[in-house]
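Visitor: Could you take me on a close look at one aromatic part of this structure? I am new here and would like to go slowly.

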Amino acid sequence: MQGGPEGTSDPELVCSCLSCGPKQHCGSKLEMVDHLANTEINSQRIAAVENCFGASGQPLAVPGRVLLGEGILTKECRKKPKPRIFFLFNDILVYGSIVINKRKYNSQHIIPLEDVTLETLPDTLQMKNRWMIKTSKKSFVVSAASLTERKEWISHLEECIRHLLTKTGRQPSTEHAAPWIPDKATDICMRCTQTKFSTLTRRHHCRKCGFVVCADCSRQRFLMPRLSPKPLRVCNLCYRQLLAEKKKEAEADCRQQEPICSAIPGYEPSSGDDSDKSDDDKADQWPADTEFYTSEVSWSSFHS
């Protein structure tokens with residue numbers, strides 16, 4: 001799906017609203033949302049995305065939701081960088097794995113934009129035009145095919161985020177999950193710096209700091225409700241830090257409850273003996289010669 005005429009390679013926001021002539025800009029992207037919110041073209045675009053994900057994806061069509069743009073970005077995954085399809089809506093960011101481009105996707109992920117913070121990153125030898133998408137549950141690095149496309153993506157994302165935060169009165173998120181450092185970034189444990197990884201000595205990731213660590217340095221589990229309802233693997237250093245934080249929180253709660261308890265005549269802490277029971281109780285398969293980026297083709301398009 002392209003935002004402009006069939007086959008266009010220009011990701012520039014060009015309006016195709018009935019109220020505007022061809023090649024005219026409709027103003028900001030938020031004005032574009034008002035134009036597209038209840039149009040047939042927007043419904044068709046969203047339906048096409050749902051069809052590409054098929055039964056494995058969640059329904060995306062809700063009142064007021066508008067598909068603003070789409071494109072292929074390279075996501076820095078644990079094993080190696082991989083191409084992923086991204087869809088920018090006015091309230092969510094959706095991405096998934098590419099099975100057949102523009103026809104079939106899987107492994108759908110949906111991120112509420114209210115929870116997103118962006119951070120521009122410097123280039124590396126392997127990856128250019130990088131930035132980090134940070135959320136409370138997951139953070140990861142992506143890169144665009146060109147500097148222009150990175151600017152387009154960040155600009156559109158930031159405007160949507162600002163609008164949602166203003167609308168809800170929420171403050172920008174300050175707690176973010178640590179991005180996982182790729183496996184190939186190190187051959188030794190990043191905590192003990194002694195254990196060398198091999199076919200038999202597996203790499204593990206601390207869910208708190210994202211470091212690549214050995215089994216001996218990550219035997220502990222800790223419950224972090226923000227990330228998962230189950231205790232997660234953490235390195236020994238993060239485990240000690242998390243325990244210390246939990247102890248401080250418990251002490252602070254005790255100090256807050258002491259004045260309340262002393263103010264209630266005859267109050268005694270429960271022994272815990274009484275019970276108050278109720279009776280009503282995939283892997284991407286890409287040819288080796290596939291080229292995802294070429295100088296002639298823009299991989300991102302933003303709809304209008």
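Guide: Happily, and one definition comes first: a charge sits over a ring if NZ of Lys or CZ of Arg is within 6 Å of the ring centre and within 35 degrees of the ring normal. The charged end of K75 sits over the ring of F140 in this way, 5.1 Å from its centre. This is a predicted model, where local features need pLDDT of at least 70, side-chain atom pairs count only at pLDDT 80 or more, and totals for chains, interfaces and linings use all residues. Residues are numbered from 1 along each chain as its sequence is written, and side-chain values use heavy atoms, with hydrogens and water left out.

From F140 we can move on to its companions: ring pairs link F86, Y95, F140 and W153 into a cluster. Rings of Phe, Tyr and Trp (its six-membered ring) pair if their centres lie within 6.5 Å; planes under 30 degrees apart count as stacked, over 60 as edge-to-face and the rest as tilted. F86 and W153 are edge-to-face, with 6.4 Å centre to centre and 75° between the planes. Because F86 lies in strand β2 and W153 in helix α3, their pair ties together parts that are 67 residues apart in sequence. Helices (H or I, at least four residues) and strands (E, at least two) are DSSP runs, numbered from the N terminus.

Both F86 and W153 are buried, meaning under 20% relative accessible area, while exposed is over 50% and partly exposed in between (1.4 Å probe, protein chains only). Contacts (heavy atoms within 4.5 Å) of F86 beyond its neighbours within four places in sequence include L93, Y95, I133, F140 and W153.
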